[in-house]
Amino acid sequence: MTLAGDVPAGDPYTPRMHALLVLWDLSKGSNATFEDLRTYLQEQSIARFEQMAGLRQKTWISSTESGRWGALYLFEQREQAQAVIDHLTESPVVAKTGVRPTHELFEVEAVVEGKHSGIDLLTAGLARAAR
């Protein structure tokens, strides 16, 4: 039985997407600063994730106010997200910070892009601006 609005698993016209939220609380004794992590993004991480199969988007996020650093991933298949989860403890961010992340996996309900100034998302962000 499916509920009203549920998409049958085999519906080829409505692809399922999966979102993964990963957060590190750097306020709890991190060995790395936000700037250290931005440098890591610039020098290694961005290029590595550009080559990841099935990854539609990864947005790195930070809040100096709360002390949190993280990323929001959008995957084509749940197994691709699970592979990232399975290796989180081996993440270079864990090695750099000494902090283990929390994570949560979500089903994507919808994606929209609103009216905007036209800024290319692939050139936006603090790590890109610092280059």
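Contact here means heavy atoms within 4.5 Å. By that yardstick, residues 24 or more positions apart account for 70% of the contacts in the chain with a separation of 6 or more. The model is a predicted one.

**Confidence and overall make-up**

The mean pLDDT of the chain is 87. A value of 70 or more is reached by 82% of the residues. Residues 1-5 fall below 50 in pLDDT. Beyond near neighbours in sequence, that stretch has 0 contacts in the model.

The chain has 131 residues, and 31% of them count as buried. Its exposed surface is about 9100 Å². Carbon and sulfur atoms supply 52% of that surface.

The chain holds 4 helices and 4 strands. Along the sequence they follow the pattern β-α-β-β-α-α-β-α.

**The sheet**

The 4 strands build an open sheet. Their order is 2-3-1-4, and the pairing is antiparallel. Strand 2 (55-63) and strand 4 (102-107) are the edge strands, each pairing on one side only. Neighbouring strands are turned by 15 degrees against each other on average, with direction ignored.

Strand 3 covers residues 68-75. To strand 2 it is joined by 8 bridges, and the two run antiparallel. S63 stands opposite R68 of strand 3. Strand 2 and strand 3 form a hairpin with 4 residues between them. In the turn, G67 has a positive phi of about 80 degrees.

Strand 3 is also joined to strand 1 by 8 bridges, again antiparallel. Here V22 stands opposite A71 of strand 3. How well covered is strand 3? Mostly: 6 of its 8 residues are buried.

**Helices on the sheet**

Helix 1 (residues 34-50) lies across strand 2 and strand 3. Its direction is at about 175 degrees to strand 2. Helix 2 (residues 78-86) lies across strand 1 (18-25), strand 3 and strand 4. Helix 2 runs at about 180 degrees to strand 4.

Helix 4 (residues 126-129) includes A129. A129 counts as exposed, because its relative accessibility is 62% and the cut-off for exposed is over 50%. A129 and Q42 are 87 residues apart in sequence. In space their C-alpha atoms are 10.0 Å apart.

**Salt bridges**

Side chains of opposite charge can pair when their charged atoms come close. The structure holds 5 salt bridges. Three of the pairs are set out below.

| Pair | Closest N to O distance |
|---|---|
| K28 and D25 | 3.8 Å |
| E35 and R38 | 3.3 Å |
| R78 and E107 | 3.0 Å |

Take K28 and D25, which meet through their side chains. Is K28 buried or exposed? K28 is exposed, with a relative accessible area of 66%. D25 is partly exposed, at 22%.

E35 and R38 form a salt bridge within one element. Both lie in helix 1, 3 residues apart, or about one turn of the helix. E35 counts as partly exposed at 43% relative accessibility. R38 stands at 13% and therefore counts as buried, since the cut-off for buried is under 20%.

R78 and E107 also form a salt bridge. This pair links distant parts of the chain. R78 belongs to helix 2 and E107 to strand 4, 29 residues apart. R78 counts as partly exposed at 40% relative accessibility. E107 is partly exposed too, with a relative accessible area of 36%. Which residues are joined into one network by salt bridges that share partners? They are R16, R78 and E107.

**Drawing it together**

Helix 2 and strand 4 are related in two ways. Helix 2 lies across strand 4, among other strands, and the R78 to E107 salt bridge links the two elements. Strand 3 is joined by 8 bridges to strand 2 and by 8 bridges to strand 1. Both helix 1 and helix 2 lie across strand 3.

Conventions: Residues numbered from 1 in each chain as written. Heavy atoms only, no water. pLDDT = per-residue confidence, 0-100. Pairing = 2+ DSSP bridges. Axes fitted to C-alpha atoms, helices over the stretch in contact; angles between N-to-C directions. Salt bridge = Lys/Arg side-chain N within 4 Å of Asp/Glu carboxyl O. Buried < 20%, exposed > 50% of the residue type's maximum accessible area, 1.4 Å probe, protein only. Areas by Shrake-Rupley, 256 points an atom, 1.4 Å probe, with all protein chains shown as cover.
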